[in-house]
Amino acid sequence: MEKIETCEICGNNNFSVYMESFDYFLSKEKFTIVRCEKCGFLFVNPRPDIIEISRYYKSKEYISHSNSKKGLINKIYHIVRRRNHKNKYKIVQKYKNNGSILDIGCATGEFLNFFKNCGWNVMGVEPDTDAQNLARTQYSLNVLSESVLNERPKEKFDVITMWHVLEHVHQLSIKIEQIKNYLVDDGIVIIAVPNAASKDADIYRNFWAGYDLPRHLYHFTQKSIHDLFEKNDFVIIETIPMKFDSFYVSVLSEKYKTGNKNIIKAFLNGLKSNKWGTKNNNNFSSLIFVLKKINKK
Ligand SMILES: [Zn+2]
């Protein structure tokens, strides 16, 4: 386990305990989320280091790397995923009609394949070698291991995406530096993360599936994303809700809390969360942030 001594956003070293909870998904181990007293950033502390964390992903059920269509949750997930690709494509189209896209944490490559079929030049990076291989064999995609981002880019990209990936990254500032290096000057970055300030986080508290301890190392809010990226010379140009996530996260949270999926109750809480998000500064279950580099001239 590694102990974080300074806040990765503001450099302060004064934290309070925000919550204690468990890895409900896999290890059942207990973890602590702390809150930076200065900027409010929430993160797991202490946390498994970059070597130790791998054993918390050792599950065939870990859905982002799974193509299983068994079970109701997985079925819904797959249907929604297809529709999601179209929605994500529409978001990108608002800013770039065509060009090149780098997806960091591309898993088995479905999202990139969608873009490839629309005529984009695509590249992915993915830490999981099984997922990498699937992306290559299923869709003939150019998918490399994450270490390539440490190298000087051979090409830069118009769009860089991280779909529910940033909360898993051990060295935030290094990752953002890599993004900067690989992005053309007028390019856009799209980042989706769970929102710890959502109503479903409030309803389920310690059982909220968006915490996904310890795989989610950080529990972002609109403020922390703003602070983190402003510090790294990016500005948020659009914030978009992911309205399906409230339902999906509520089903998982019900399961963690009660042992049952309680589909109807979860559905009602999902609705409640979306309604609340509409009225409360866009604080939906998960958010997509569109960012660009600040032009420093
Ligand atoms: Zn801080």
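Where in this predicted model is Asn 282 found? Asn 282 sits in the loop between helix 8 and strand 10. The legends below take this loop and several other sites in turn.

**View 1. Asn 282, a loop residue with positive phi.** Most residues other than glycine have a negative phi. Asn 282 is not a glycine, yet its phi is near 70 degrees. The residue has 15 C-beta neighbours inside 10 Å, so it counts as partly exposed.

**View 2. Strand 10 and its two antiparallel partners.** Strands of a sheet pair through backbone hydrogen bonds, either parallel or antiparallel. Strand 10 spans residues 286-293 and runs antiparallel to strand 8, residues 183-194. Seven bridges join strand 8 to strand 10. In this pairing, Pro 194 stands opposite Ser 286. Strand 10 also pairs with strand 9, residues 234-242. That pairing is antiparallel too, over eight bridges. Here Phe 234 has Lys 293 as its bridge partner.

**View 3. Helix 7 packed against helix 8.** Two packed helices are described by the angle between their axes and the distance between the axes. For helix 7 (residues 245-258) and helix 8 (residues 263-279), the angle is about 135 degrees and the axes are 8 Å apart. The two helices are therefore oblique to each other. Their crossing is right-handed. Helix 7 contributes Ser 246, Phe 247, Ser 250, Val 251 and Glu 254 to the contact. Among the residues they meet in helix 8 are Ile 263, Ala 266, Phe 267, Gly 270 and Asn 274.

**View 4. The two faces of helix 3.** Helix 3 covers residues 129-139, and its buried residues are Ala 131, Gln 132, Leu 134 and Ala 135. Seen down the helix axis, these residues fall within an arc of 165 degrees, so they line one face. Strand 5 (121-125) and strand 6 (143-144) are included in what covers them. The face turned away from the buried side carries the exposed residues Thr 129, Asp 130 and Thr 137. Just after the helix, Ser 140 takes a positive phi of about 50 degrees.

**View 5. An open sheet of three strands.** The strands lie in the order 1-2-3, with antiparallel pairing. Strand 1 (15-22) and strand 3 (42-44) are the edge strands, and each pairs on one side only. Neighbouring strands are turned by 30 degrees against each other on average, direction ignored. Strand 1 and strand 2 (residues 30-36) share seven bridges. Ser 16 stands opposite Arg 35 in strand 2.

**View 6. Two cis peptide bonds.** Most peptide bonds are trans. The bond from Asn 45 to Pro 46 is cis, with omega near -5 degrees. Pro 46 lies in the loop between strand 3 and helix 1. The bond from Leu 213 to Pro 214 is also cis, with omega near -5 degrees. Pro 214 belongs to the loop between helix 5 (199-204) and helix 6 (222-231). Asp 212 is in the loop between helix 5 and helix 6 as well. Its phi is positive, about 35 degrees, although Asp 212 is not a glycine. Is Asp 212 buried or exposed? With 23 C-beta neighbours inside 10 Å, Asp 212 counts as buried.

**View 7. Asn 98 and its contacts.** Asn 98 lies in the loop between helix 1 (72-93) and strand 4 (100-104). Not counting residues up to four places away in sequence, Asn 98 touches Gly 119 and Trp 120. Asn 98 and Gly 119 are 21 residues apart along the chain, and their C-alpha atoms are separated by 7.4 Å. Asn 98 counts as partly exposed because it has 13 C-beta neighbours inside 10 Å.

Note on methods:
Residues are numbered from 1 along each chain as its sequence is written. This is a predicted model: local features need pLDDT of at least 70, side-chain atom pairs count only at pLDDT 80 or more; totals for chains, interfaces and linings use all residues. A residue is buried if 20 or more other C-beta atoms lie within 10 Å of its own, exposed if 12 or fewer, and partly exposed in between; C-beta atoms are placed from the backbone. Helices (H or I, at least four residues) and strands (E, at least two) are DSSP runs, numbered from the N terminus. The arc is that of the directions from the helix axis to the C-beta atoms. Two residues are in contact if their C-beta atoms, placed from the backbone, lie within 7 Å. Two strands pair if DSSP finds at least two bridges between them. Axes are lines fitted to C-alpha atoms, for helices over the stretch in contact, and angles run from 0 to 180 degrees between N-to-C directions. Angles under 35 degrees count as roughly parallel, over 145 as roughly antiparallel, 65 to 115 as roughly perpendicular and the rest as oblique. A crossing is left-handed if the near helix is turned anticlockwise from the far one by less than a right angle, and right-handed if clockwise.
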